[in-house]
Protein chains: 2
Amino acid sequence: MPTKKQIADRHRRTRRDHASETAEDYVEAVAEIVASEAGECRVANLAKRFDVSHVTVSKIVARLAREGLVETEPYGPVLLTVAGRRLAAKCRERHETVYAFLVALGVPTDIAAVDAEGIEHHVSPQTLAQFAKFVEERAE
Amino acid sequence: MPTKKQIADRHRRTRRDHASETAEDYVEAVAEIVASEAGECRVANLAKRFDVSHVTVSKIVARLAREGLVETEPYGPVLLTVAGRRLAAKCRERHETVYAFLVALGVPTDIAAVDAEGIEHHVSPQTLAQFAKFVEERAE
DNA sequence: CTAAAATTGTAGCCGTGGCTACAATTGTGT
DNA sequence: ACACAATTGTAGCCACGGCTACAATTTTAG
């Protein structure tokens, strides 16, 4: 049985995850937009993508810049740093695994898409490995 | 392929979920504490449980009271309303299903406990049903 | 080239979930 | 009863992710 400290730790970790969820969503989106026809990612692209105001995007991009995930200049595009690209790649892979897993489990694709969005940030490497294994087994 | 609007909707939903996560965690915790040896749930119990200050708990409890999930009087215990008890029961069941599912999948119990904490709030009824089905099949 | 449109930045507000510090209340132990 | 401990409330601060309104800049159209 878990101790009270362990329960508190679990919750603390859940909160810490929260802080990085936005960062993960944004770097993932930036990578996708750069890879799209758009070619480059602008604040406006992110605002549309997340359906928020450009002001909200600006503030979050500023934070990501502070954290070294993106680089940007006034009125310029949003560029991923090396760290940002690394994080984006990791998130994209994890996202795809979670989505594929849910679909393999029998969840309708539209619902799997929504759930994957929420779940992906809380999946540990161990759980992700089990997800991937399950998908592989079903694929044979 | 999903439209941009659908992608934005997915993110909006993810954000809305965020808002209710705290509420769910708290009513669940209140129900557990009330059911424990403690017998009643006080602000101090929640503060220890989530490893936050009593001030943070007070503010959140006040919000839950505004939302009709709990009732409380100055210097008194935190009581669940009917709506609060209903939500707590739903969350507890969902939490247990997610945990059991991860364990059935092969995730170590300690890691499953952490992941379940983060995942439970983002599982749709459809996905939860698949989780439950999977657990049942493995149990035979 | 200049004027209008689109984009981005800035100022200032809100609610949520964190905190410390201090005040008030309740509970306990002589 | 009274003092001390524990608990809860209040004041006031912070960062984050939202917003509107307005200013600045860049892009695009004429």
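Me: Which residues come nearest to DNA strand D?

Reply: Happy to help, and do keep in mind that this is a predicted model. There are 18 residues around DNA strand D, and both chains feature among those that come nearest. From chain B these are B:R42 and B:A44, and from chain A they are A:T22, A:V52 and A:S53.

Me: Which element gives the largest share of the surface near DNA strand D?

Reply: The elements that supply two or more residues there are α2 (43–50) and α3 of chain B, along with α3 of chain A. By class, this surface has nine nonpolar, five polar and four charged residues. The largest share, five residues, comes from α3(A).

Me: And which element gives the most to the surface near DNA strand C?

Reply: Around DNA strand C there are 18 residues, with A:R42, A:A44, B:T22, B:V52 and B:S53 coming nearest. At least two residues each are supplied by α2 (43–50) and α3 (54–66) of chain A and by α3 (54–66) of chain B. With five residues, the one that gives the most is α3(B).

Me: Away from the DNA, is α4(A) parallel or oblique to α6(A)?

Reply: Helix α4 (residues 82–105) and helix α6 (residues 125–139), both of chain A, pack with their axes 9 Å apart and at an angle of about 50 degrees. Angles from 65 to 115 degrees count as roughly perpendicular and those under 35 as roughly parallel, so an angle between these ranges is called oblique. That makes α4(A), relative to α6(A), oblique.

Me: How many nonpolar residues are in the contact of α4(A) with α6(A)?

Reply: On the α4(A) side, the residues include A:V98 and A:F101, and they meet α6(A) residues including A:L128 and A:F131. The contact also has one polar and two charged residues, while the number of nonpolar ones is nine.

Terms used. Residues are numbered from 1 along each chain as its sequence is written. Chains are lettered from A and ligands numbered from 1 in the order in which they are written. This is a predicted model: local features need pLDDT of at least 70, side-chain atom pairs count only at pLDDT 80 or more; totals for chains, interfaces and linings use all residues. A residue is near a molecule or strand if its C-beta atom, placed from the backbone, lies within 6 Å of it. Helices (H or I, at least four residues) and strands (E, at least two) are DSSP runs, numbered from the N terminus. Ala, Val, Leu, Ile, Met, Phe, Trp, Tyr, Cys and Pro count as nonpolar, Asp, Glu, Lys and Arg as charged, and the others, Gly among them, as polar. Axes are lines fitted to C-alpha atoms, for helices over the stretch in contact, and angles run from 0 to 180 degrees between N-to-C directions. Angles under 35 degrees count as roughly parallel, over 145 as roughly antiparallel, 65 to 115 as roughly perpendicular and the rest as oblique. Two residues are in contact if their C-beta atoms, placed from the backbone, lie within 7 Å.
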